[in-house]
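Open your viewer, show the chains as cartoons, and keep the selection box handy. We will go from stop to stop, with something to select at each one.

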Amino acid sequence: MNKSLTEKPEILLETKDLVRYFTGPRTSLFGKRRVAHAVNGVSLELRKGETLGLVGESGCAKSTLGLLILNLLQPTSGTVTFLGKDVTNLDKKEWRRMRSEMQLVFQNPLGALNPRLTIGSQIREPLDIHDVGEPESRHDKVLEMIESVSLPEHLLERYPHQLSGGQQQRVVIARALINRPKLVVCDESVSALDVSVQAQVINLLVDLQKKLGLTYLFITHDLSIVRHISSRIAVMYLGRIVELADSEDLLENPMHPYTKALIAAVPVPDPRARKSRATISGEPPSPFNLPAGCAFNARCPHADEKCRTELPEFRQTSEEHMVACHHAEKLA
Amino acid sequence: MNEIENIQPDATGSAEETPLLEVRGLSVVFDTPEGSVKVVDNVDLKVSAGRTLGLVGESGSGKSVTCLAALRLLAERGRVTSGEVLFEGKDLLKASEGEMEALRGCKIAMIFQDPMVSLNPVRTIGWQITESLHLHKNLSKSAAKSRTLELLDLVGIPEPKTRYGEYPHQFSGGMSQRAMIAMAIACEPKLLIADEPTTALDVTIQAQILELLSDLKKDLGMALILITHDLGVIAEAADDVAVMYAGRIVEEAPVLDLFDNPLHHYTKGLLNSLPRVDRKVERLSAIAGAAPPPHEFVEGCRFEPRCGHCNDNCTGVRPEFQQVSATRRVACIHPVTTP
Amino acid sequence: MTTEQTKATTGIKRSWLGALLHRWGLSGEWLVTIALIYVSFILFVAIFGFLFQPYPHTQLDLFNQLQPPVFMEGGSWAHILGTDDLGRDVLSRLIRGLRLSVLIGVVGTVIGAILGSFLGIVAAHFRGWVEEVLMMLVDIQVSLPFIIFALAILAFVGNNLTILIIVVGIDGWERYARLARSMVLSANQQDYVLAVRSLGLSNFKIYKRHVLPNILGTLVVQATINLPGVILLESTLSFLGLGVQAPMTSLGQILGVGRDYLILAPWIAVFPGMVIFFLTLSIAVIGDWLRDRLDPTLK
């Protein structure tokens, strides 16, 4: 992971101050509509060839961020830049052309496949949509793809419900990659799979990345997986990135109290490493009611007056390590 | 900030004491349109008072069905075709429905995976907890209410008086699970069965719930059966572990022994395939293939297609248990030999 | 699972007919089987019955007015089901009327289904004020006593078969609209629609290839459930004299004629009445069975 200081990484995708609000129903007949501040100003860059892990718990809006990046959801404000081009406000037709450059792999593979179409026709569909090559050659591409994901050819005539969970997820991956996208967003892509199958699919994703030169945004709540697969990790809390660093650096030297608590809370498969106290209490506040100041202040054992009133800036604390905490250096 | 106190699990095995719950030779069959399927095949389990048995397995392994069958909660889905379930010496499978109703919620309680769907959405939390108290302890209304408030406090729900009158949808995931636990321990059961209690929760909430269960276990002297697929949770919370695969128990051991030295190739393969948060793993060594679905169960070793350490003797005949020590046994003809 | 395995586990030997029924999921469902047989018979009569019609349905036989059916006293084999007040053979009129009733019922249902489903899909796709307006129309339709509305239109328009079919068909459009709307809304939430959208598929193609096939089954079932109602509505209107009118004949029309002779010559009303009753009952039974079969939660 050693990059020379003079080499600037090539940036594939960049977001600036992405914000997304959702309006909820009215609480009373003439009352105001409640607003959920889902994503609150996220600025990220995705470098070519890397895997950026995005971790957070439920309510942090990491999946929403994934959808915003892929323009499957419109941001309330902020910009998304892909290969230098501002794509936030492209019209529908231009976006459709861009679609094959970035793809999404979902959590629930059975839901991501049309139950009434065969596997073969679903893997082939992206080729038909974008009119890639001659129709006759498309079947060959499908065969090539299904081999890359280690699935036997005879499954092409089957229907989704006839496949196991691991096989279904491989089909979803094959469909997403057949048009050679540059960016793949994996949203909890292995979380719904059995534990013994997760490792297979993780290895597959890693191999395909090397083979096809892909860039991954790996969204998950599972810190163990993200340590294994990512080169950099971003930690999200209530719609904001609170820490961003190289994987090893983040996990060995976490600076944000939330990151520390998250790491400590993960049960490790080693009975000698038992911990005695759950490290943070309480639950995250509701996105309808964001606190002023740092969103984590209510649960943070180190919060002071400044934390309660002033929003911490997302700043650099060392090369490749950024934190949004007033007291990060003191607590390190 | 991280006070990591090393709490060593209780290494003294449970072999000597009479178990609180003992399951012997339990088999459960589901009747499907395609025929009858044996989803639980001759399972033995033992839990002793005050100890936690971790029942680990993946989807389709039959771990939940085993415990539901033990409490006779299967209803039309399946039927028990053989075995005994001895609770405090008495066979639950032969007990009358009235005796079972008195037992459930009172001496043996169960909590489930998704608290959001396991709670009645049209009744307040307070009502649901007091219902359990009325049923088993015959308390007066005011006595039940004060006991309920006590319980809500015990499980760590802040502002119990307000929460008493709220509905499940007003609770978050972690809070609902605490409410379910409150309901389950209302009558101070001797045994609590927790079926994937933290799977649907965030990891920080999971840590809180596991700690709550551990505290309650100590305070109430309960035994706990913890059903999960997460080996991390097992390592964190269990004293003894039983590993289930495709409807059968394949390995039983105290928790330290299991993780230090797994004997069944499935257990070993599983442990080796886990990504770790505490260290960097270069490449995961995955187990090839997938667990067979129930209607494809064979009579011989069911892990054989994925094993890599088998020979012809492994197919055809069900692998017998080898008693490796007083507290360990493994169902494998060639268990892992220590390298 | 091979057939050998099936036989091994269930141990049931079947005849070829039984095997066929089992494959269609009908084993043990004797009611549905009977209903299917009856409906097939009716369809056959509707299409080919005219070949077996003993007399032209308009042929008068004034010497044999109000003749009872053959199994009653005074009947003869010349008119198996008797004659009406103008000496017309009841069996022939029944066969002829059946055809028109079935035609109106089926065409009307199809019109209503297509219209209702289309509006439901439109509402679900555009959301916003389009959805609000369409759902308001649905609510109006639900609260309207449709029969009065139908009577008014038909009285105004007079004897027009096309208008009759349309009026009869659109009764119930709101059921398709609601159903289609809720199914499209939930289909749009499905990951596979999102996936295919992220692949760049245009909206129209998404509906055609992914959403429609998945909701079609339920809409077809709704149509079979609605069909009896449409037939009954036509019968009622014709009975009241506003639907199918002479010289055309439908089951309801015959029933209407028979109304005046219920004591004197009950067979004129009873036979069409029984046909309507069993037809609508059979279609309802089949519709229920289809719905249960198509229910994915039971798979």
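Start where chain B meets chain A: the contact takes 56 residues from chain B and 46 residues from chain A. Keep in mind along the way that this is a predicted model. Between them, the two chains bury about 4700 Å², with 53% of that on carbon and sulfur atoms.

Now look for the charged pairs across this contact; the count between chain B and chain A is two salt bridges. One of them is there if you select Arg272(A) and Asp260(B), whose closest N and O atoms are 2.2 Å apart. Staying on the chain B side, colour α7 (173-185), α8 (203-220), α9 (231-237) and α10 (255-260), each of which supplies at least two residues of the side that touches chain A. Which helix gives the most to that side? Select α8(B), with eight residues. For polar contacts, the count between chain B and chain A is 14 residue pairs, both residues at pLDDT 80 or more.

**The sheet in chain B**

Next, pick out the four strands of chain B that form an open sheet in the order β2-β1-β4-β5, with antiparallel pairing. At its edges are β2 (35-47) and β5 (90-91), each pairing on one side only. Zoom in on β4 (residues 78-87), which pairs with β5(B) over two bridges in the antiparallel sense. Here you will find Leu86(B) opposite Asp91(B) of β5(B).

**Salt bridges within the chains**

Over all chains, the structure holds 47 salt bridges. Stay in chain B and select Arg248(B) with Glu299(B), where the closest N and O atoms are 3.8 Å apart. Arg248(B) lies in strand β10 (residues 248-254) and Glu299(B) in the loop between α11 (265-272) and α12 (304-307), so the pair ties together parts that are 51 residues apart in sequence. Arg248(B) is buried, at a relative accessible area of 5%. Add Lys38(B), Asp41(B), Arg302(B) and Arg318(B) to the selection: salt bridges that share partners join these residues with Arg248(B) and Glu299(B) into one network.

Then move to Arg147(B) and Glu188(B), whose side chains meet in a salt bridge (3.5 Å, N to O). Arg147(B) sits in helix α5 (residues 141-154), while Glu188(B) is in the loop between α7 and β7 (191-195), 41 residues apart. Is each partner buried or partly exposed? Arg147(B) counts as buried at 19% relative accessibility, whereas Glu188(B) counts as partly exposed at 46%.

**A buried threonine**

Before leaving chain B, select Thr130(B) in helix α4 (residues 125-137). Thr130(B) counts as buried because its relative accessibility is 8%, under the 20% cut-off. Beyond its neighbours within four places in sequence, Thr130(B) is in contact with Ala144(B), Lys145(B), Thr148(B) and Tyr164(B).

**On to chain C**

Finally, bring up chain C, which has twelve helices and zero strands. Of its 299 residues, 42% count as buried. Select Arg88(C), found in the loop between α3 (30-48) and α4 (90-126). Arg88(C) is buried, with a relative accessible area of 12%. What is in contact with Arg88(C), leaving aside its neighbours within four places in sequence? Show His57(C), Thr58(C), Gln59(C), Leu60(C), Gly82(C), Thr83(C) and Arg93(C). For a last distance, join the C-alpha atoms of Arg88(C) and Gln59(C): they are separated by 5.8 Å, though 29 residues apart along the chain.

Methods
Residues numbered from 1 in each chain as written. Chains lettered and ligands numbered in written order. Predicted model: local features only at pLDDT ≥ 70, side-chain atom pairs only at ≥ 80, totals over all residues. Heavy atoms only, no water. Pairing = 2+ DSSP bridges. Buried < 20%, exposed > 50% of the residue type's maximum accessible area, 1.4 Å probe, protein only. Contact = heavy atoms within 4.5 Å. Buried area = accessible area lost by both parts, 1.4 Å probe. Salt bridge = Lys/Arg side-chain N within 4 Å of Asp/Glu carboxyl O. Polar contact = N/O pair within 3.5 Å; in protein donor to acceptor, adjacent residues only side chain to side chain.
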